[in-house]
Amino acid sequence: MGVTWLARSGIRVAEQDVVVTAGAHAALIAACAAGPVVPVYVLDDETPAHRKLGGASRWWLHHSLASLDAALRERGSRLLLAKGESGAVLRSLVKKAGAGAVYWNRRYEPAIIARDKVLKADLLAEEVDARSFNASLLFEPHTVQNKSGGPFQVFTPFWRHCLTLPVDEPVKLPRGDFPVPAAWPASPGLAELELLPAIKWDAGLAAAWVPGEAAAMKRLKQFTTGAMADYADRRNLPDVDGTSALSPYLHFGEIGPVQLVHRTRRLVGERQVTGLTGQIEHFVRELGWREFSHHLLFHYPATTDVPMYPKYAAFPWRDPADYADDLRAWQRGRTGVPIVDAGMRQLWTTGWMHNRVRMIVASFLTKNLLIPWQEGARWFWDTLVDASLPQNSLGWQWAAGCGADAAPYFRIFNPVLQSAKFDGGGRYLRHWVPEIARLPDVSLHAPWEAKPAVWLAAKFSPGQDYPKPIVSLSESRDRALAAYARIKGADSTSPLL
């Protein structure tokens, strides 16, 4: 579920998508205006309405909830916790507290939409005011339509249309302490939600991230006063701090897209930096891809698991028994292709991967290895701290060439060329693949192609110090093109609704 606001007498209960934080205040503001509130977070990822959170996301959620509780205590309140089927938990809380309303910020995953419709109907039938608000998107999916009144399937016209729509102003919480009840219901401790891993593998996540609203605002300030000035040029370079790195904060509601648009666009007037307008709009356009992913999943809910275009269901992927070892090598960063391995190791260690490298590793899995995109989506879901269901689904279908606005089937990233172009000096490779660090820059991107004299000078032994490639890039490219050719002639004009 999310954060719920519960109180007595004139009571309001407000449920928020994951956590209530800056930029996602609509439901909370409505609750505070009505009377005393008790924040309650309901963990519900064991029921059909929820896809169980991956390990990295659970780690983030634990620390985000701790941060939220601390922030609430600074405002004279606190965070209560619960675990179970969210509808049943909320209905029970409403009865126990004699609550008069439930307010929440909407989520747009198909199963969540269905669940919320049932919850709202049940509450209204019991004469409990039930209202939902938008806090996580610039434009709700049902409000954006093409000229025919249907959904968009291509990003550029979608975003061109969105740019004609007004963006709401950010909402602000009232100053001072939150209204609280005279007595607080009992609550389990955060540890009882069992969000942290039993086997401690999360040291890299802790070193890379600080979840919570305060950290989100700090990161936003760092970005807008630093990398924003060269965003369009540096966002594709994995060895520099050139992106906003705000995706997990957006995913968990610790900052909102409305905030980001207004904060960054305001810089034009504040800093008067030549060319900054273009950099800001480039960044806002990237937020547009986030909007597009929600738009697609809302209108094409099956795309979490099956290709958007039915003809791709017949794509001749390899059999699981045949690709098991290759999949494991990909997951562990042991493919023998440095840029792929660097990205997968960054993912495992930090719970995040640079966007350019995400495209490279996804192309390698689906096209060079002919492993179904669903396998990659499952791995990313478990290991990413920003594992958004809409964005994960869109990204993997894009890479596999089977979704909306997808990369053409014949577009197969050459990981060596991509590596040389975006990490020419090899800083990213040397950091994440230290086994090859002594090789000269020109040999880093494809160590297997270097001459024996180069290996000898670097004291490098291919196949021993670092794996040889598990697949020939040229031969696997030809194999992928042949596989796509088998379904090329099938009708692809009608998406799966």
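This report looks at one helix, α17, and at the largest pocket of a predicted model.

## Helix α17: two sides

Let's start with α17, which runs over residues 415-422. Its buried residues are P415, V416, Q418, S419 and F422. Looking down the axis of α17, you'd find these buried residues within an arc of 165°, so they line one face of the helix. That fits a general pattern: an α-helix has 3.6 residues a turn, so residues three or four places apart point the same way.

Flip to the face turned away from the buried side, and you meet the exposed residues L417 and K421.

## What sits around α17

So what covers the buried residues of α17? The cover includes α13 (338-350), α14 (355-368), α18 (427-432) and α21 (473-485).

The start of α17 has a detail to look at too: N414 puts a side-chain oxygen within 3.0 Å of the backbone nitrogen of V416. V416 is also one of the buried residues of the helix.

## The largest pocket

Now for the open space. The largest pocket holds about 1200 Å³, and 42 residues line it. Nearest its centre you'll find R235, E286, W289, N355 and Q391.

Which helix gives the largest share of the lining? That's α11, with 8 residues. Helices α9 (247-251), α11 (276-299), α14 and α16 (389-400) each chip in at least two residues. You've met α14 already, as part of what covers the buried residues of α17.

As for the make-up of the lining, 21 residues are nonpolar, 12 are polar and 9 are charged.

Notes: Residues numbered from 1 in each chain as written. Predicted model: local features only at pLDDT ≥ 70, side-chain atom pairs only at ≥ 80, totals over all residues. Heavy atoms only, no water. Buried < 20%, exposed > 50% of the residue type's maximum accessible area, 1.4 Å probe, protein only. Helix = DSSP H or I, 4+ residues; strand = E, 2+ residues; numbered from the N terminus. Arc of directions from axis to C-beta. Contact = heavy atoms within 4.5 Å. Polar contact = N/O pair within 3.5 Å; in protein donor to acceptor, adjacent residues only side chain to side chain. 1 Å grid on protein atoms, 1.4 Å probe; cavity = no way out; pocket = protein on both sides within 12 Å on 5 of 7 lines; lining within 4 Å. Points joined across faces, edges and corners; volume = space filled by probe spheres on them. Nonpolar A, V, L, I, M, F, W, Y, C, P; charged D, E, K, R; others polar.
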